[in-house]
Structures are given as C-alpha cells and as structure tokens.
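Here is a short briefing on one protein chain. It starts with the whole fold and then turns to individual residues.

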Amino acid sequence: MTSSSRRHVIIIGGGASGVLLTYQLLHRPTRDLRLTLIEQRPDIGRGIAYHTGNPDHLLNVRVSNMSALPDQPDHFWRWLNAHSADASLCPDPYCFVPRRIYGDYMASLLEQQTSGPTDARRLSILHATCVDINEGPAGVSVKLDDGRSLMADNVVLATGHDTRANLPAHANPWAPPSAAHIDTEATVLILGTGLTMVDYVLSLLRDGHRGFIIAISRRGLLAKPHRHIDALRIEEAEVPFGASINHLLRWLRDHIDRNAAQGGDWRSVIDGLRPYTQRLWHELSQTSKRRFLEHARAWWDVHRHRMAPEVEARIAEVLDRGQLALMAAKVTSIEPNNTGARVKYRLRGHSDPLDIQVGAVVDCTGIVKDPRATLNPAVRSLFDRGLCRVDPLCIGIETDRNCGVISRAGATSRHLFAVGPLTRAAFWEINAIPDIRSQCAALAALLADTGGDASTRTA
C-alpha cells in the first residue's frame, strides 16, 4: 500500500480511455481515492484519434452515440449545443462532427474536475512519459522519463492505439502529409483501405495533393457509409452464443436477408448486434477466433466501422475522377530510393509481380501485428519483467474480463489493469467510445469498491 491514507491509482495515458476512466473514478461515491493521470502529450483527452486539427476528419460514430457517460446518452449532444456557436454544424443528434471538437469535449470532462480545490487535491495530471512499471506484493512502482518515481496501489494502462516506427520512405499516417514533405505531384501508396486510409486521403487533399493515390489491402475493401438508420432490436435469446464462427456468420447473414426482405437495411442488424459482440467474442473458441481474423474480419470491419456520409461523398468523388484507386493486392517488397521507394506487389488472384515508383508509403494497416514490438516503454517494461504476456492470437496483451493484466506465468494481477484497445484480445470490440466508456465505468466500480482485489472478481 502507499503511505497516504487514500488509495492511489495511477492511469497511464491521457487520451480518451484514460480520461473516461479518470472521470468515472472521480465520480464514484468513495472519496478515499487519489488519482494520478500521466500523459506525454501537452493536451489531455485527445490521444491519436482526436488530436487532429483537420476539419475534414469527422467522427465515425454519430453524435447521439458518443456520450462519454453510459448513464447519460445525450451528454455529448447537450455539450455540443452549449459550446457550438454554429448551429448548422450539427442540426440533429445523427450528425458527424470534426474529431477535434470531440477532443475538446474529452478535455472538458477533466477541466471541470480540476477547477475546485477538493477535486484538484484528488487528481494530479503529470505531463511525462512512463518508462518503467514494476509490481511488488503491496503495490506498483512507476518511473517517469524526468526521473520521478511514484508508488500506487493500482496502475491502469490506458495507452490507446500503438504506433509503428517510421521506416525509410514511409510517412507517419497520424501527421499531416506536409510534415513528410511529400511532393504534391508524386504517387502515394497507402497500405490498408480502412478508415485510417480514408483520413490520410482527406489529409492529402487538404494539403493540395494532385498526384495519384493507390490504396492496397488484401481484399481492397472500402468502409461502408453510415445512413440515418436505427438499430434493430435483437433479443439476447436469439443470438447463438457459443456457436462456431461459420454458424454465427450464417445466422447473421440470414438475419440481414430477412430484414432486407421486409424493407430493412443491413446496418440496423449490425448495429442491433452491438450490445452482444463482446460476449460473442468471449464465447468463441480459439479456432473460431482465428478463422474470423483470417477470413471474416475484413468483411466485418467495412460493415461495422463505417464512415460519415460527408466523407463517403468526398472519397467517391476522388475515386470517380481517377485520383484514388483501390487494389486487392499484396506488397512483396519496398525498396527506398532517392525519390521515395520502388514497390513490388501482386494483384489478388495473380502470380505475376508488378512494380511502381512512389513518392511515399503510408502504413494505414491498423494495429501493431505483434504487441511485443510495441514502442511504448511502459508496456515494453511489462513484457521485459514478465508482468504481462501476449494473447494466443497475438492481437493484444492478455487480460481477464475485469481488465486485470495476466502475467507471463499466467497469474492475474491484483494491482495492474488495462483499458481500451490494449485489451482487444479479451474484448475485441473495444476501439469505439460506446464500448470503452462502459468498460471504464465497470473498472472504476471495481477499483473504487474493492481496490481490484482478485478475490472479488468473476471470471
């Protein structure tokens, strides 16, 4: 235990996940918690997703579903009405606003919590990088890059999406193209055809790019657009929990076909399944999970993770005029040179190799393939010390259903927890705010009420 009479919880990462958890902990009935939020960026609440200043980067979820608070579904909508001077920006709760505005909303959640002297004493925000975490029998020690050391009863990793190291001839997908000095006439190759690719195309266009843009993925699928459709009510008893992935996908397609025959939209079925996706994932066998990732994930992603209608219109325009091309292909080599890189690839279904000269390569393929290759020193230290382990599918660190981190030896920690995308191995659907806010509320209740004691947990 820490020396203070108050229990001390350290949250590493001040992006959306960290802010949501901090907010929930501050609002628990108990007052004996002292919180420290560690974030390396100067801004709180933005992380990778919401730090963008590009007004063309819109939320991929409509405003009505983006409340930070599970028990107040219209909280973001009300905040937006109170803080937006332009009523036309979001005329109704089904709109999609710029992500930078949502970053302002996230930041505001803690701004109001640090204005009063009582809450200011309960919450400390440190702008630093956590470089080491070590668990002892009574708590956790944390070291920062500025030399400070902290002790806590519990530490929660809320580090968000991991990023890759930039390779030669590669541009950072999370930075404006101007930062990479990409020639506006050059051909740009984007690896991946999902929503990160869409964002980067919009960034290229805003920076005045006139050259050809090629986006390559295994299947060449583009995210579907949102429509003004309400979720279909699906009863829990209807859902085939524990079935194989083949049976589950047949059930889902049949449900979509029946709904379409009655004049419905496939989106309402996908959205109606959302309350059950984490349980579905949890009850799949390892074999079914692996088959899903290899064969069905791309189909699921383009239907589940959709783009705003305004973004769809921009992308359709660029495709129609031939500046953007989507390819189902596999890149076999990237050889940097003085003007960018020479890229060799094979089209899907073909064996003959092709090659092209590009001015830059942008890797928008999403999550780091092997979590052990993380650049985050805090997570890296857990692997080095054996305090965490990669899951069997190699998509995240292994946690239990209560977010407790599982060590290399298979023991669930009483002191170390994780939230957000880092826990995708246990939760899978844990990238969007509606999922993360519920996870953070549940973990806040556990930490505030029991201190994370493993003996109180359910499997």
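## Overall architecture

The protein chain holds 13 helices and 16 strands. The model is predicted. Its 459 residues would give a compact globule a radius of gyration near 23 Å, and the chain agrees because its own value is 23 Å.

**Size, burial and surface**

- Along the principal axes, the C-alpha atoms of the protein chain fill a box of roughly 65 × 55 × 50 Å.
- Of the 459 residues in the protein chain, 52% are buried.
- Take the contacts between residues at least 6 apart in sequence: 69% of them join residues at least 24 apart.
- The protein chain has an accessible surface of about 20,200 Å². Carbon and sulfur atoms account for 50% of that surface.
- Charged side chains number 53 positive and 49 negative. The centres of these two sets lie 4 Å apart.

**Two buried acidic residues**

- Glu398 sits in the loop between helix H11 (377-385) and strand E15 (404-406).
- Is Glu398 buried or exposed? Glu398 counts as buried, because its relative accessibility is 19% and the cut-off for buried is under 20%.
- The Glu398 side chain makes a polar contact with the side chain of Arg389, at 2.7 Å.
- Arg389 is also one of the residues that Glu398 contacts once neighbours within four places in sequence are set aside. The others are Val390, Asp391, Pro392, Gly404, Val405 and Ile406.
- Asp132 belongs to strand E4 (residues 130-135).
- A relative accessible area of 15% makes Asp132 buried.
- Which side chain makes a polar contact with the side chain of Asp132? The partner is Arg385, at 2.8 Å.
- Beyond four places in sequence, Asp132 is in contact with Ser141, Val142, Lys143, Ser381 and Arg385.

**The loop between E2 and H2**

- Gln40 lies in the loop between strand E2 (33-38) and helix H2 (75-83).
- Gln40 is exposed, at a relative accessible area of 53%.
- Its C-alpha is 7.7 Å from that of Gly13, and Gln40 and Gly13 are 27 residues apart in sequence.
- With neighbours within four places left out, Gln40 contacts Ala128 and Thr129.
- The side chains of Gln40 and Thr129 make a polar contact at 3.1 Å.
- Pro73 is also found in the loop between E2 and H2.
- Pro73 counts as exposed, with 53% relative accessibility, because the cut-off for exposed is over 50%.
- Residues up to four places away aside, Pro73 touches Ser64 and Ser67.
- How many residues separate Pro73 and Glu335 in sequence? The separation is 262 residues, and their C-alpha atoms are 49 Å apart in space.

**Helix H2 and its cover**

- Which residues of H2 are buried? They are His75, Phe76, Trp77, Trp79 and Leu80.
- The cover over these buried residues of H2 includes helix H3 (99-111).

**Positive phi outside glycine**

- Most residues other than glycine have a negative phi.
- Ala169 has a positive phi of about 75°, although Ala169 is not a glycine.
- Ala169 is placed in the loop between strand E7 (154-157) and strand E8 (170-171).
- Ala169 is partly exposed, with a relative accessible area of 25%. That value falls between the cut-offs, under 20% for buried and over 50% for exposed.
- His181 also has a positive phi, near 55°.
- The position of His181 is in the loop between E8 and strand E9 (188-191).
- His181 is exposed, at a relative accessible area of 71%.

**Points to keep in view**

- Two acidic side chains have arginine partners: Glu398 with Arg389, and Asp132 with Arg385.
- Both are buried, Glu398 at 19% and Asp132 at 15%.
- In the loop between E2 and H2, Gln40 is exposed, and Pro73 is exposed too.
- Positive phi occurs at Ala169, which is partly exposed, and at His181, which is exposed.

Technical notes:
Residues numbered from 1 in each chain as written. Predicted model: local features only at pLDDT ≥ 70, side-chain atom pairs only at ≥ 80, totals over all residues. Heavy atoms only, no water. Helix = DSSP H or I, 4+ residues; strand = E, 2+ residues; numbered from the N terminus. Rg over C-alpha atoms; globule rule 2.2 N^0.38 Å. Buried < 20%, exposed > 50% of the residue type's maximum accessible area, 1.4 Å probe, protein only. Contact = heavy atoms within 4.5 Å. Areas by Shrake-Rupley, 256 points an atom, 1.4 Å probe, with all protein chains shown as cover. Lys, Arg positive; Asp, Glu negative; His and termini not counted. Charge placed at Lys NZ, Arg CZ, Asp CG, Glu CD. Polar contact = N/O pair within 3.5 Å; in protein donor to acceptor, adjacent residues only side chain to side chain.
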